[in-house]
Amino acid sequence: MKKVILTVMICLTLFAAPREGDKQVAYTLPLLYKPAKVLSNSDMNGKVVLLNLWASWCSGCQEEMPLFVALQKRHNKKDFIVVAASIDSVNDNAKEFLNRVDPNKDLIALYDVKKSLPKAYRCPGLPSSFLIDKEGKIAAVYIGSLDKAMIKDLEKKIAELERK
């Protein structure tokens, strides 16, 4: 019986989604607006990052994206960055949506056509966001869209992480 329980626990650990305290997933993805240029998670070492996985057709993503644009505008891009990784099948759909909600291109927009990040993070749905500290560890996980109250809580966490 002990072997069965141990095997189940090991399997659950292997297939569980990343949690707070885990190292972020490594990635290199093209920029949405400049597909010839790529960005890696290692390019943001020393910064607090909100990695948001989204799609233009996702209603929750549509609701929260303007909140992320406002959040980025309130914070210093040197210390905090919102990275919005689109999983749209057609990058023009993602560009069209972002051009409406982020015309000044305050967010860093990536294009994940192979959906590698949702697979790696084992996302149960969209939107999904991961707050990552300066050392590349996951500080918070948000599954589903964030509202204004949740953004206020998120800002407190960002401020704490920026001070470290």
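A residue counts as buried when its relative accessible area is under 20%, and as exposed when that value is over 50%, with partly exposed in between. With that in hand, let us walk through this structure, which is a predicted model.

**Helix α3 and its two sides**

A good place to start is α3, whose buried residues are Asn91, Ala94, Phe97, Leu98 and Val101. Viewed down the helix axis, these buried residues of α3 fall within an arc of 130°, so they line one face of the helix. The general background is familiar: an α-helix has 3.6 residues a turn, so residues three or four places apart point the same way. Glu96 and Arg100, on the other side of α3, are exposed.

**Aromatic pairs**

One of the buried residues of α3, Phe97, leads us to the aromatic contacts. How many aromatic pairs does the structure hold? There are two aromatic pairs. In one of them, the ring centres of Trp54 and Phe97 are 5.6 Å apart and the planes meet at 45°, so this pair is tilted. Trp54 belongs to strand β3 (residues 48-54) and Phe97 to helix α3 (residues 91-101), so the pair ties together parts that are 43 residues apart in sequence. Trp54 has a relative accessibility of 0% and therefore counts as buried. Phe97 has a relative accessible area of 5%, so Phe97 is buried too.

The rings of Tyr121 and Phe130 have their centres 4.1 Å apart and their planes at 25°, so that pair is stacked. Why stacked? Planes under 30 degrees apart count as stacked, and the planes of Tyr121 and Phe130 are at 25°. Both Tyr121 and Phe130 are buried.

Here are the two pairs set out together:

| Pair | Distance between ring centres | Angle between planes | Arrangement |
|---|---|---|---|
| Trp54 and Phe97 | 5.6 Å | 45° | tilted |
| Tyr121 and Phe130 | 4.1 Å | 25° | stacked |

Trp54 can also be placed relative to Leu67: the two are 13 residues apart in sequence, and their C-alpha atoms are 14 Å apart in space.

**The largest pocket**

The largest pocket holds about 220 Å³ of space. Its lining consists of Leu31, Leu32, Tyr33, Lys34, Lys37, Val38, Leu39, Asp43, Lys105, Leu107, Ile108 and Ala109. Which elements give two or more residues to that lining? They are β2 (38-40) and β5 (108-111). By class, the lining of the largest pocket has eight nonpolar, no polar and four charged residues.

Two of the lining residues, Tyr33 and Lys105, deserve a second look. The charged end of Lys105 sits over the ring of Tyr33, at 4.3 Å from the ring centre. Lys105 is found in the loop between α3 and β5. With a relative accessibility of 37%, Lys105 counts as partly exposed.

**Backbone details worth checking**

Lys105 has a backbone feature as well: its phi is near 55°, a positive value in a residue other than glycine. Lys115 is another non-glycine residue with a positive phi, here about 60°. Where does Lys115 lie? Its place is the loop between β5 and α4. A relative accessible area of 28% makes Lys115 partly exposed.

A further backbone feature is the peptide bond from Leu126 to Pro127, which is cis with omega near -10°. Pro127 lies in the loop between α4 (116-120) and β6 (128-132).

**The cavity**

Searching the whole structure turns up one cavity of 30 Å³ or more. The largest cavity has a volume of about 50 Å³. Residues lining the largest cavity are Gln24, Asn41, Met44, Asn45, Lys47, Val49, Ile132, Asp133, Lys134 and Gly136. Sorted by class, that lining has three nonpolar, four polar and three charged residues.

**The loop between β2 and β3**

Finally, Ser42 sits in the loop between β2 and β3. Is Ser42 buried, exposed or partly exposed? Its relative accessibility is 44%, so Ser42 counts as partly exposed. Ser42 and Thr28 are 14 residues apart in sequence, while their C-alpha atoms are 8.7 Å apart in space.

Notes: Residues are numbered from 1 along each chain as its sequence is written. This is a predicted model: local features need pLDDT of at least 70, side-chain atom pairs count only at pLDDT 80 or more; totals for chains, interfaces and linings use all residues. Side-chain values use heavy atoms; hydrogens and water are left out. On a 1 Å grid over the protein atoms alone, a cavity is a set of points where a 1.4 Å probe fits but cannot get out, and a pocket is an open set with protein on both sides within 12 Å along at least five of seven lines; lining residues have an atom within 4 Å of a point. Grid points are joined across faces, edges and corners, and a volume is the space filled by probe spheres set on the points. Helices (H or I, at least four residues) and strands (E, at least two) are DSSP runs, numbered from the N terminus. Ala, Val, Leu, Ile, Met, Phe, Trp, Tyr, Cys and Pro count as nonpolar, Asp, Glu, Lys and Arg as charged, and the others, Gly among them, as polar. Rings of Phe, Tyr and Trp (its six-membered ring) pair if their centres lie within 6.5 Å; planes under 30 degrees apart count as stacked, over 60 as edge-to-face and the rest as tilted. Buried means under 20% relative accessible area, exposed over 50%, partly exposed in between (1.4 Å probe, protein chains only). A charge sits over a ring if NZ of Lys or CZ of Arg is within 6 Å of the ring centre and within 35 degrees of the ring normal. The arc is that of the directions from the helix axis to the C-beta atoms.
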